[in-house]
Amino acid sequence: MPRTSRFEGRLLIAPLTAFLIALLGFPLVLDIIYSVSRVGFENIRAPEPIGFSNYAKAVADPEFWAAAWFSLRFGLIVAVIQVVAGLMLAVFLAPLFAKRPWLIALLMLPMMVAPALVGLMYRLILHEFVGAVPYYLLEWYGDFPAFLGRDWAFTTLVTVETLQWTPFALLILHSSYAAISPDIREAAALDGARGRRLFVNIDLPLMLPALGLTFFIRFIDSFRVFDNLYTLVGPGAGGSTTSMSIYIYQAFFKVGDIGLAVAASMLLLAASFVVLWAINGLTARKAPL
Amino acid sequence: MTRLKTLLTGAALFAALGASGAMAEVTVLGWPGGPEEAGLRKAADAYNATASDADKVKLIFFNRDGFFDKLAADLAAGSTDFDVNLLATYALGRYAPFMEPITLPDASKATFPEKVLATMQYDGKQYGIPTDLSLHFMYYRTDLVEKLLSDADWKAKYGEISEKYLGKKLEPKDPDAWTWEDWMATALFFTKAINSDSPTRYGTVLQMKNLLFNMMVWHSAARAEGGDWMNEAGEITVDSPAYRTALDIYKKLYDEGTSPKDSTTYEFAEANAAFGAGQAATMLQWNAAFGDLDNKEKTPAVAGKVGTVAPPTGPAGRFTHIHGLGLGINKASKNKDGAVKFLNWLGTPDAMEIYAKAGGSPALSDAVVEKVSAERPDLVKLGQYAGAYGFVMHGGTAAKALQVYELQAKEFTAYWVGDKSIDDALTAAKTGMAELLKP
């Protein structure tokens, strides 16, 4: 590349680089400083350096690992359910969507509601004295489970998250399914492939990239769950529904241990980076195929 | 010429807008979404009616959820978005470094009793005007308790139930004479699953969510049993028989089904919904709930049948947790003079009369409360209970008091739902408190 073009290229990309440094670089540097400091609200402008003890404290804290395990379990379960449900809906409702595409817009509506409001809404719906669900269960069966209690909270949260975000999986998978060329299906049909065999051997392999992408987007989104969980059950009795985001929020605002909160978030950032780097590596290696 | 006139008019309008934008005003950050907000709005309207333009008050409100966390972040960042902000007794130590101490005018000393003014004091300095006092009432259904005290069959059943579940035969008593055991027996009696004749589904409704405010409610039981956070020597004393007994009162009531299954996610609003639906016979709750519960439009099922007394008596006496909400001056404020003027006015008997009539709950001196007692009879009781039974745990205004409440909420709710043994929960609370409250 001629030297002038290279210079022009750098010049043109400079504003974007400066923008990214200002928006991402500054908070990152601040986070790194806080994570190696003793800092609370009292000395937020004058943190006291203490080395890596905040990281040691987070790693030694069983509640940090409990929160990480909660988020991992929640993220994996919810992502799997949403992908499977989204795939089923995309395939079974495909003929209907082809004739009436406006139905897709209708199914997207749950995504339009802010997650915090969804949490509040279900808190009302599931409340024994004002909610419809316990009322009818009591009328019909004489009893109902404590939906937000310790034993049911996780199931309720998974259900609420699934109901709100399965439409997202449906949208991506429907696009992917609709994009498969009819010629390929026709050719497979000429070779005798029908029904399940056609789906497993033709449709599914062609949809794999979309399935993978949907899974990872939903996993990342569910792993960092905060809003609806916080408004629905909070950290739970004894901290039983504390996700990583709630752990960090509690350490920052409730306990006022900003150093610990930021160190925990930096560990989360590092873990996320490793996972994304691995995915990127895998994708890059498979690309030539 | 026409264009010139337009330009001049535009310039004049711009200048006028600029002038009004630059006009000094006092921005007040209040406690949102309740009677306190309604009271503050009326008081501000009254103040603005006579204040000069430079001193007029503008009100802003955050969401109640996470209010104190957001306030802490704003104060620490030196925000100048508000001049006056909410203060609470239990958060005084946390916010004091970012607040400006005030000098009380004589009018304030005549408006509030000394004990109430002290709820806004930290480290020997006054940080705010105490606008609201919060304590606990034992709410009960007067119609149900009257029948219990007079019906022979109900009395006999009450004795049987208390003997079966508490190990001793008790007789129904007037709520004002209840011990904690009497309350437990009443809650058991009015639980449908235990007594099929009970007109209510539950005998009580407990607030057991992992939330600091719920610890304050439960503390009235802990203190009545003789519990405290620390002794005079500064040693943490929560691992005591008193704390164990008080924790077991809640656990027993929850395990026996006297409170809704979801009680472990209940706080102020959910408990009110249960009591207001007419499905809970008793409730230990904040005094602020009375207005709505006794309102025929809001809770027709129980309005007119709501009795209130101070919390039950324990071996150490009768107690209610007490704390104040108030308004103080942001250290970073750019209009401290205007803020002082507003607070001086707010502390006068006339201002507090407006505030109380509009829904606020100030604890006022006898002479001032007389003026509002016809419309707000609960304020008379508020003052009496605060004086007779009010307490603050030893260490309850420390800089990290809020974190202590949070810690206890986490550990004790773990015990109540069976995730931890009482020994483990108390040991964890003691260890954490020693760290938080060390000098």
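Tutor: Start with a rule. Two rings of Phe, Tyr or Trp count as a pair if their centres lie within 6.5 Å, with the six-membered ring used for Trp. Keep in mind that this is a predicted model.

Student: Which residues do ring pairs link into a cluster?

Tutor: The cluster holds B:Trp31, B:Phe67, B:Phe68, B:Tyr90, B:Tyr95 and B:Phe213. Over all chains, the rule gives 44 aromatic pairs.

Student: What makes B:Phe67 and B:Phe68 an aromatic pair, and of which kind?

Tutor: Their ring centres are 5.4 Å apart, and the limit is 6.5 Å. The planes meet at 80°. Angles over 60 degrees count as edge-to-face, so that is the kind. Both B:Phe67 and B:Phe68 are buried.

Student: Why is the pair of B:Trp180 and B:Trp183 called edge-to-face?

Tutor: The centres of B:Trp180 and B:Trp183 are 5.6 Å apart, and the planes stand at 80°. The distance is within 6.5 Å and the angle is over 60 degrees, so the name follows.

Student: How far apart are B:Trp180 and B:Trp183 along helix α9 of chain B?

Tutor: They are three residues apart in that helix, which spans residues 180–189, so about one helical turn separates them. Both B:Trp180 and B:Trp183 are buried.

Student: How do you know that B:Arg223 lies over the face of B:Phe319?

Tutor: B:Arg223 is 5.4 Å from the ring centre of B:Phe319. The distance limit is 6 Å, and the charge must also lie within 35 degrees of the ring normal. The pair is listed as charge over ring, so it meets both conditions. B:Lys251 has its charged end over the ring of B:Tyr415, 5.3 Å from the centre.

Student: How do you know whether B:Val217 is buried or exposed?

Tutor: Buried means under 20% relative accessible area. B:Val217 has 1%, so B:Val217 is buried. The residue sits in helix α10 of chain B, residues 212–224. B:Val217 and B:Trp286 are 69 residues apart along the chain, with 7.5 Å between their C-alpha atoms.

Student: Why is A:Trp102 called exposed?

Tutor: The cut-off for exposed is over 50%. A:Trp102 has a relative accessible area of 55%, so the word applies. A:Trp102 lies in helix α5 of chain A.

Student: Which nonpolar patch on the surface includes A:Trp102?

Tutor: The patch joins A:Trp102, A:Leu106, A:Leu109, A:Met112, A:Val113, A:Leu117 and A:Leu120. Together they have about 740 Å² of accessible area. Helices α5 (102–107) and α6 (115–125) of chain A each supply at least two of its residues.

Student: What does the UniProt annotation say about residues 68–279 of chain A?

Tutor: The unreviewed entry labels them "domain: ABC transmembrane type-1". In the model, residues 68–279 of chain A are 76% helix and 0% strand. The end C-alpha atoms of that stretch are 20 Å apart.

Student: What makes the contact of A:Asp143 and B:Lys261 a salt bridge?

Tutor: The N to O distance is 2.6 Å. The cut-off is 4 Å, so the contact counts. This pair crosses between chains. A:Asp143 is in the loop between α7 and α8 of chain A, and B:Lys261 is in the loop between α11 and α12 of chain B.

Student: Why is A:Asp143 called partly exposed?

Tutor: A:Asp143 has a relative accessible area of 44%, between the limits of 20% and 50%, so the middle class applies. B:Lys261, at 28%, is also partly exposed.

Student: How do you know that B:Lys58 and B:Glu25 form a salt bridge?

Tutor: Their closest N and O atoms are 3.8 Å apart. That is within 4 Å, so the pair qualifies. The two residues are 33 apart: B:Lys58 in strand β2 and B:Glu25 in the loop between α1 and β1 of chain B. B:Lys58 is partly exposed at 38%, and B:Glu25 at 31%.

Student: What makes B:Glu181 and B:Lys168 a salt bridge?

Tutor: The closest N and O atoms are 3.0 Å apart, and the limit is 4 Å. B:Glu181 is in helix α9 of chain B, and B:Lys168 is 13 residues away in the loop between α8 and α9. B:Glu181 is partly exposed at 30%; B:Lys168 is too, at 38%.

Student: Which residues do salt bridges that share partners join into one network?

Tutor: A:Glu63, B:Lys410, B:Glu411 and B:Lys420 make up that network. The whole structure has 36 salt bridges over all chains.

Conventions
Residues are numbered from 1 along each chain as its sequence is written. Chains are lettered from A and ligands numbered from 1 in the order in which they are written. This is a predicted model: local features need pLDDT of at least 70, side-chain atom pairs count only at pLDDT 80 or more; totals for chains, interfaces and linings use all residues. Side-chain values use heavy atoms; hydrogens and water are left out. Rings of Phe, Tyr and Trp (its six-membered ring) pair if their centres lie within 6.5 Å; planes under 30 degrees apart count as stacked, over 60 as edge-to-face and the rest as tilted. Buried means under 20% relative accessible area, exposed over 50%, partly exposed in between (1.4 Å probe, protein chains only). Helices (H or I, at least four residues) and strands (E, at least two) are DSSP runs, numbered from the N terminus. Patches are made of residues with over 30% relative accessible area and no salt bridge: like charges are joined within 9 Å, nonpolar side chains (Val, Leu, Ile, Met, Phe, Trp, Tyr) within 5 Å. Accessible areas come from the Shrake-Rupley method with a 1.4 Å probe; for residues, only the protein chains shown count as cover. A salt bridge is a side-chain nitrogen of Lys or Arg within 4 Å of a carboxyl oxygen of Asp or Glu. UniProt positions are given in the numbering used here, feature names are shortened, and annotations may be inferred rather than shown by experiment.
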